[in-house]
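Me: Please show me the model; I would like to go through its geometry in questions and answers.

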Amino acid sequence: MENTLVLLKPDAVQRKLCGEIISRFERKGLSLVALKLLTLTPAIAASHYEEHLDKPFYPSLVSFITSGPVVAIVLRGPNAIKAVRTMMGPTNPENAPPGTIRGDYATVMSNNIIHGSDSVISAQREIAIYFTEHELVQ
Ligand code: GTP
Ligand code: MG
């Protein structure tokens, strides 16, 4: 079993897509282990996206991800990290096939609806940014 961190980004919350997206993960068979609504501070955003600090798009990325509330979710299941990434589709929605979350709900890279951890190490690091141990249900 694996845990993975999902963020429904500010565009998903603003467009009222959270229920639909969470529903997809539930129908897939992944379990909700933790869930909260919060607005990222610049410090949390910097921690979350520390790997992208040197990228040209970093300032706009942090500006976007702090622009409104997000839903942070821990999902659990067999191969949950890969399952979520497959369901999200590619980073750039232009390349995301219909049937994927980004393919169905997004049009541009800067507003791509959802984040999902990309490895076991990333998932452990990212879950700890948003949740304490006792906030994860057993
Ligand atoms: P996340 O789940 O959000 O981490 O997306 P990802 O893992 O599919 O992509 P990555 O970690 O490489 O990039 C993080 C975020 O930065 C993406 O979701 C995009 O919103 C943004 N991003 C990545 N590459 C580019 C780029 O070349 N240009 C712009 N404008 N934004 C980018
Ligand atoms: Mg990423």
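**Ligand shell, fold and core**

Reply: Around ligand 1 stand H52, F57, L61, T91, M109, S110, N112, H115, G116 and D118, each with its C-beta atom, placed from the backbone, within 6 Å of the ligand. This is a predicted model, in which local features need pLDDT of at least 70 and side-chain atom pairs count only at pLDDT 80 or more, while totals for chains, interfaces and linings use all residues. Residues are numbered from 1 along each chain as its sequence is written, and chains are lettered from A and ligands numbered from 1 in the order in which they are written.

Me: How many residues of each class, nonpolar, polar and charged, does the shell around ligand 1 have?

Reply: Ala, Val, Leu, Ile, Met, Phe, Trp, Tyr, Cys and Pro count as nonpolar, Asp, Glu, Lys and Arg as charged, and the others, Gly among them, as polar. By these classes the shell around ligand 1 has three nonpolar, six polar and one charged residues.

Me: In what order do the elements of the protein chain run from the N terminus?

Reply: Helices (H or I, at least four residues) and strands (E, at least two) are DSSP runs, numbered from the N terminus. The protein chain has seven helices and four strands. Their order is β-α-α-β-α-α-β-α-α-β-α.

Me: What is the radius of gyration of the protein chain?

Reply: The radius is taken over C-alpha atoms, and the globule rule is 2.2 Å times the number of residues to the power 0.38. For 138 residues that rule gives 14 Å, and the chain is close to it, so it is as compact as a globular protein of that length; its radius of gyration is 14 Å.

Me: Which element gives the largest share of the largest nonpolar core?

Reply: A nonpolar core is a set of buried Ala, Val, Leu, Ile, Met, Phe, Trp, Tyr and Cys residues joined through C-beta atoms within 7 Å; buried stands for 20 or more other C-beta atoms within 10 Å, exposed for 12 or fewer, and partly exposed for in between. The largest core has 27 residues, with L5, V6, L7, L8, L75 and I114 having the most contacts inside it. Two or more residues each come from β1 (2-8), α2 (18-28), β3 (70-77), α5 (80-88), α6 (101-105) and α7 (120-130). The largest share, five residues, comes from β3.

Me: Why do the buried residues of α7 lie on the same side of the helix, and what arc do they cover?

Reply: The buried residues in α7 are A123, E126, I127 and Y130, whereas I121 and A128 are exposed on the other side. Cover for the buried ones includes β1, α3 (42-48), β3 and α5, by contact (C-beta atoms within 7 Å). The arc is that of the directions from the helix axis to the C-beta atoms. The buried residues are on the same side of α7 because they cover an arc of only 105°.

Me: Is I113 buried or exposed?

Reply: I113 belongs to the loop between α6 and β4 (114-116). Its phi is near 75°, a positive value in a residue other than glycine. Because 24 other C-beta atoms lie within 10 Å, I113 is buried.

Me: Where is N79, which has a phi near 50°?

Reply: The phi of N79 is a positive value in a residue other than glycine. N79 is partly exposed, with 13 other C-beta atoms within 10 Å, and E2 touches it. Its place is the loop between β3 and α5.

Key:
Two residues are in contact if their C-beta atoms, placed from the backbone, lie within 7 Å. Lists of a residue's contacts leave out its neighbours within four places in sequence.
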